[in-house]
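Please look over the sequence and the model shown here before reading on. The report is meant to be followed with the structure open alongside.

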Amino acid sequence: MIDIRGLAYVVAETTDLAKWRVYAEEVLGAMTLTAPGDGLYVKVDDRQFRIAVVAGQRNGYVASGWEVIDGDAFAAAVQALEAAGVALEKGDAALCKHRRVQQLVAFDDPSGNRHEVVWGFQSDFLHFASPAGVSRFITGDIGMGHTVLPAPNFQATVDFFRNVMGFGLSDIYNFKPAGDDGPTIPIHFLHCSNARHHSLAFAAFPAESKCVHIMLEVDSMPEVGRALDRRAAHDVPLSATLGQHTNDKMISFYMKCPSNFDIEYGYGGAMVDWKEHIVHEFTRVSLWGHDFSVGRQA
């Protein structure tokens with residue numbers, strides 16, 4: 001199986017790059033740089049970007065970038081994907097330049113989500129200095145955060161990531177939107193080769209934007225509160241109120257981004273020893289807070 005070390009980046013599409021730049025700098029507290037092709041890099045650490053925003057005809061999610069440790073691991077990943085019968089697209093020089101990597105291979109999972117496996121990031125070691133005064137985002141060897149993707153072809157998608165991509169099952173949630181007597185929608189949380197509780201989750205329903213949410217983590221609770229204030233000041237739609245999750249213990253809120261998916265902005269996510277972790281099904285999303293009904297209000 002493939003040894004994925006973390007979520008390296010995500011790619012979003014937008015009809016309004018200027019709106020994304022303001023959102024990234026003044027709400028997220030990230031730096032922005034101009035990307036090749038007049039796109040936008042959103043920078044939250046010493047990497048040149050963690051969110052790549054490209055201009056397009058829609059507002060939505062494009063791809064998830066997964067990092068392996070070196071060229072040998074990349075070759076092994078390609079071999080494993082080919083052995084599993086996955087249709088691969090080799091990243092050309094232009095795409096590798098845009099993603100700032102040595103090599104890239106792209107493919108779709110069984111639910112149609114786009115993924116890129118990469119290695120060898122280029123870095124200019126430009127110091128991260130938040131224009132909004134954010135002290136630090138939690139990244140490094142645990143990746144940029146996590147992404148939650150729609151998976152209408154649920155079991156085949158989860159099986160692919162567990163049996164080919166090498167992810168492990170962290171926890172299970174069986175969502176019952178109509179109550180205990182209604183249908184069940186499974187959501188599975190998956191981890192890769194780092195201590196983050198989950199770098200990826202799949203939900204058994206479609207999403208117009210092609211993403212349910214991504215998560216960015218900061219290093220203190222006051223930073224979350226300041227981001228809440230910045231969100232309100234810029235009239236960014238709130239998708240869920242402040243709360244704390246049961247499974248990864250993250251204290252966070254959710255807001256809409258200009259590409260029409262949610263960004264969870266949080267603090268205090270659990271770091272897990274996978275040799276000791278016991279998989280369970282949790283029956284409540286949050287210990288407290290996280291009122292998602294606010295995102296459905298007019």
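The report below covers strand pairing, one helix and its packing, and an enclosed space.

The coordinates come from a predicted model, and the description begins with a group of antiparallel strands. Strand S6, made of residues 89-90, pairs with strand S7, residues 103-108, in the antiparallel sense over two bridges, and within this pairing Glu89 stands opposite Ala106 of S7. On going further, S7 is also joined to strand S8, residues 114-119, by six bridges, and these two strands again run antiparallel. Ala106 takes part here as well, since it stands opposite Glu116 in S8. The hairpin of S7 and S8 has five residues between the strands, and in this hairpin Gly112 takes a positive phi near 90°.

Another set of strands forms an open sheet of ten strands with mixed pairing, in the order S17-S10-S11-S12-S9-S13-S16-S15-S14-S18. Its edge strands are S17 (281-282) and S18 (286-289), each of which pairs on one side only. Within the sheet, strand S13, residues 213-218, and strand S16, residues 262-267, are parallel and share six bridges, with Ile214 standing opposite Ile263 in S16.

The three pairings described above are set out in the table.

| Strand pair | Sense | Bridges |
|---|---|---|
| S6 (residues 89-90) and S7 (residues 103-108) | antiparallel | two bridges |
| S7 and S8 (residues 114-119) | antiparallel | six bridges |
| S13 (residues 213-218) and S16 (residues 262-267) | parallel | six bridges |

Which residues of helix H4 are buried? In this helix, which spans residues 154-163, they are Phe154, Thr157, Val158, Phe160 and Phe161. Seen down the axis of H4, these buried residues fall within an arc of 155°, so they line one face of the helix. As background, an α-helix has 3.6 residues a turn, so residues three or four places apart point the same way. The buried residues of H4 pack against strand S5 (60-67), helix H2 (71-83), S7, S8, strand S11 (185-191) and strand S12 (200-203); of these partners, S7 and S8 belong to the hairpin, while S11 and S12 belong to the ten-stranded sheet.

A search of the whole structure finds one cavity of 30 Å³ or more, and the largest cavity has a volume of about 40 Å³. Its lining consists of His146, Arg196, His197, His198, Met215, Asp248, Met250, Gly269, Ala270 and Met271. Sorted by class, the lining holds four nonpolar, four polar and two charged residues.

How values were computed. Residues are numbered from 1 along each chain as its sequence is written. This is a predicted model: local features need pLDDT of at least 70, side-chain atom pairs count only at pLDDT 80 or more; totals for chains, interfaces and linings use all residues. Side-chain values use heavy atoms; hydrogens and water are left out. Two strands pair if DSSP finds at least two bridges between them. Helices (H or I, at least four residues) and strands (E, at least two) are DSSP runs, numbered from the N terminus. Buried means under 20% relative accessible area, exposed over 50%, partly exposed in between (1.4 Å probe, protein chains only). The arc is that of the directions from the helix axis to the C-beta atoms. Contact means heavy atoms within 4.5 Å. On a 1 Å grid over the protein atoms alone, a cavity is a set of points where a 1.4 Å probe fits but cannot get out, and a pocket is an open set with protein on both sides within 12 Å along at least five of seven lines; lining residues have an atom within 4 Å of a point. Grid points are joined across faces, edges and corners, and a volume is the space filled by probe spheres set on the points. Ala, Val, Leu, Ile, Met, Phe, Trp, Tyr, Cys and Pro count as nonpolar, Asp, Glu, Lys and Arg as charged, and the others, Gly among them, as polar.
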